[in-house]
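User: I should like to go through this model term by term and ask what supports each label. Please set each value against the criterion in use.

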Amino acid sequence: MKFTVLGAGAMGYRYGVLLQEAGNQVDFVDTWEKNVEKVREQGGVLVARDHQDQHLVPVNVYYPEEYQGHPDVWVVFTKQMQLADFLKRTAHCFDEKQYVLTCMNGMGHVEKLLEYFKPAKLIAGTALVATVLNGPGDVDFIGARGAGTMNLANYTEKPDEMTHKVVTELEKAQFNPNLTTNFMGTLLAKVVFNSVVNTLCTLFEITMGEFASYPGADELSKQLINEAYDVCERAGIQMLNTRQAELESVNYVSTVANPLHYPSMYQDMSHNRPTEVDYINGYLVELGRKYRYEATTHAFLTHLVHLAEHTRQAPKEAVSE
Ligand code: NAD
């Protein structure tokens, strides 16, 4: 099968490299000049796993404007705020037969993808795996091969033959895909998880394990989960998990699965890049307002993350003695 990854960052490289190694033809399209130039200069992307065994994987990378490929499936892994620009710049390669698969965090991408692809061609989900981009053309896949999982669903909630073929390729690449028929419930499960763990760990610059070790962690998590579920219930979204199961999932991932991991939002903050908080906690706030429900804790946290971004980016005045 022919895949083109749109957004050759941490997750784009992970999906693209592993799909390529599973025997597919894969191209990468990216807009970050330093990244594209580095990959061309070194003849591929440097890939490590858990900081070990770094090696060069040859890949083809293109700027959107020069790309002429017509894949069967686009694999989209930009940050939410980058997506509109990527789509506009790559639109000359889109056609009606192509499918699009994405496991981006947050919400906001679905509407943008539907501007270019038919609902029947859209498959979206969540990736329960951590990947770090050390720098241009240099990526670290966190976790043992085959340890991560992912959930995905058709926008139409009706899996077709092509969806099953995509799932087969994802299985071969050891992404452990779980195909559901609940589109919004699948996506929102991760939004709620991220609205707790990513946001709080980022604000306090702590690992998931450090968060979970705080005796009041459950109380913080419950307040955010309850508000998020209040919003989703008003919006008629059938959640995959109960509130209690969502809390247990936060605890399991933070204490057992990834205690040493800093969430990807923290990585953005620490590199002084904008975070996706508007598409996570901010999305829940906006969705709640459509149903006259004020998700006040999520609104407050969204502000706190923006305050932290603002503080890191503001020039510091020299202190005179
Ligand atoms: P990323 O930031 O590594 O890459 C996304 C894009 O940003 C790429 O085009 C990349 O080239 C560009 N980029 C990266 N660093 C840059 C810099 N310093 N300056 C300019 N451009 C830069 O993003 P990602 O972590 O792959 O995330 C993609 C999507 O997947 C997001 O929605 C994210 O929340 C989600 N996600 C990430 C992880 C993870 O562990 N990284 C896990 C699950 C989901």
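Analyst: The turns below take up the domains, the contact between them, and some individual residue pairs. The model is a predicted one.

User: What makes this a chain of two domains, and how far apart are the domain centres?

Analyst: The domain assignment divides the protein chain into domain 1, residues 2–181, and domain 2, residues 186–313. Their centres, taken over C-alpha atoms, lie 24 Å apart. The contact involves 24 residues of domain 1 and 18 residues of domain 2.

User: Which features does UniProt place on the chain, and at which residues?

Analyst: An unreviewed UniProt entry places "domain: Ketopantoate reductase N-terminal" at residues 4–145. The feature "domain: Ketopantoate reductase C-terminal", also from an unreviewed entry, is placed at residues 182–308. Over residues 4–145 the chain is 25% helix and 32% strand, with the end C-alpha atoms 22 Å apart. Over residues 182–308 the chain is 72% helix and 0% strand, and there the end C-alpha atoms are 35 Å apart.

User: How is the size of the interface between domain 1 and domain 2 expressed, and which residues of domain 1 lose the most area?

Analyst: The size of an interface is often given as the accessible area lost when the parts come together. Between domain 1 and domain 2 the buried area is about 1,700 Å², and carbon and sulfur atoms give 61% of this. On the domain 1 side, M81, N105 and M107 lose the most area to domain 2, together 38% of what that side buries.

User: Why is the pair D268 and K79 called a salt bridge?

Analyst: The criterion asks for a side-chain nitrogen of Lys or Arg within 4 Å of a carboxyl oxygen of Asp or Glu. For D268 and K79 the N to O distance is 2.8 Å, so the pair meets the criterion. The count between domain 1 and domain 2 is one salt bridge. Seven residue pairs are in polar contact between the two domains.

User: Which elements form the side of domain 1 that touches domain 2, and what is its make-up by class?

Analyst: At least two residues each come from α4 (109–114), β8 (122–128), β9 (131–135) and β11 (149–154). The largest share, five residues, is supplied by β8. By class, this side of domain 1 has ten nonpolar, twelve polar and two charged residues.

User: How do you know that E21 and R145 form a salt bridge, and where do these residues lie?

Analyst: The closest N and O atoms of E21 and R145 are 3.8 Å apart; this is within 4 Å, and therefore the pair qualifies. E21 belongs to helix α1 (residues 10–21), while R145 is in the loop between β10 (138–141) and β11; the two residues are 124 residues apart and link distant parts of the chain. The structure holds 15 salt bridges.

User: What does V132 touch, and in which element is V132 found?

Analyst: V132 is found in strand β9. Leaving out residues up to four places away in sequence, V132 touches A10, D138, V139, D140, I142 and Q267. The C-alpha atoms of V132 and G9 are separated by 8.6 Å, although the two are 123 residues apart along the chain.

Technical notes:
Residues are numbered from 1 along each chain as its sequence is written. This is a predicted model: local features need pLDDT of at least 70, side-chain atom pairs count only at pLDDT 80 or more; totals for chains, interfaces and linings use all residues. Side-chain values use heavy atoms; hydrogens and water are left out. Domain bounds come from an automatic or database domain assignment. Contact means heavy atoms within 4.5 Å. Buried area is the accessible area (1.4 Å probe) that two parts lose on being put together, summed over both. A polar contact is a pair of N or O atoms within 3.5 Å; within protein, one must be able to donate a hydrogen and the other to accept it, and residues adjacent in sequence count only if both atoms are side-chain atoms. Helices (H or I, at least four residues) and strands (E, at least two) are DSSP runs, numbered from the N terminus. Ala, Val, Leu, Ile, Met, Phe, Trp, Tyr, Cys and Pro count as nonpolar, Asp, Glu, Lys and Arg as charged, and the others, Gly among them, as polar. UniProt positions are given in the numbering used here, feature names are shortened, and annotations may be inferred rather than shown by experiment.
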